[in-house]
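Here is a short report to read alongside the model. Please keep the sequence and the 3D view open as you go.

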Amino acid sequence: MAINHKKLSVCLSLAAFNLIIGAIVSFFKLPIYLDSIGIVTSTVLLGWRYGIVCSLVTVSAGFFLINPYLPFYTLTSLGILTISHFARKFNFFSQPVKIIIVGLVLAVVAAILSAPITTYLFEGSTLSGSDAITACFISVGKNIFSSVLLSGFSSEPVDKIIVALISFFILKSLPKSFVEKNDFRYYKD
């Protein structure tokens, strides 16, 4: 694959966007993340290869800038880009109703992939806002894995629907001439 410098620039800008949003969310300890908007947008706009670059830059730089636990969630970010790739391939980025479905699928995948990491590597605590939700489930007698999984199923749908909708509106706002001129994959209806 030859490197397209315009696509790489957009990809790295989207990774920076992830880091900025992720840092804001982390600072306020919100029970959502919003740090995958760039991964979804990059994958849909530029293709899965650039989605991988965006994902790896996000988790690597996020180690230093947001949360030292972030690199351990590389598999989760790759799951997010895989779902985004297939959603684009099957034209799910064409209508807001379909985007909500994409957000829900992203949520299930992210919760399932993240739960074992959070449970077994970090004993349920990752310095994020969702730790409070996990603690609530533990306090009512759930075991740590169930608590982490239920926390994920509680916060991820909100997070990933917002992520998918923001990505959708970013993509829809791009001028068609800009998309075509730069040979991006996403085309408006």
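What follows goes from the overall fold to one patch on the surface.

**The chain as a whole**

This is a predicted model. The secondary structure amounts to eight helices and zero strands, and read from the N terminus the order of elements is α-α-α-α-α-α-α-α. The chain is as compact as a globular protein of its length, because its radius of gyration of 16 Å is close to the 16 Å that the globule rule gives for 189 residues. Contacts far along the sequence are well represented: among those between residues at least 6 apart, 69% join residues at least 24 apart.

A few totals for the chain sit together here:

| Property of the chain | Value |
|---|---|
| Span of the C-alpha trace along its principal axes | about 55 × 35 × 30 Å |
| Share of buried residues among the 189 residues | 42% |
| Exposed area | about 9200 Å² |
| Part of the exposed area from carbon and sulfur atoms | 72% |

**A nonpolar patch**

Now let us turn to the surface. Ile20, Ile24, Phe27, Phe28 and Leu30 together make a nonpolar patch of about 550 Å². One of these residues, Phe28, is worth finding in your viewer: Phe28 lies in the loop between α1 (5-27) and α2 (37-46). Is Phe28 buried or exposed? Its relative accessibility is 55%, and the cut-off for exposed is over 50%, so Phe28 counts as exposed.

Key: Residues numbered from 1 in each chain as written. Predicted model: local features only at pLDDT ≥ 70, side-chain atom pairs only at ≥ 80, totals over all residues. Heavy atoms only, no water. Patch = residues over 30% accessible without salt bridge, like charges linked within 9 Å, V, L, I, M, F, W, Y side chains within 5 Å. Areas by Shrake-Rupley, 256 points an atom, 1.4 Å probe, with all protein chains shown as cover. Salt bridge = Lys/Arg side-chain N within 4 Å of Asp/Glu carboxyl O. Helix = DSSP H or I, 4+ residues; strand = E, 2+ residues; numbered from the N terminus. Buried < 20%, exposed > 50% of the residue type's maximum accessible area, 1.4 Å probe, protein only. Rg over C-alpha atoms; globule rule 2.2 N^0.38 Å. Contact = heavy atoms within 4.5 Å.
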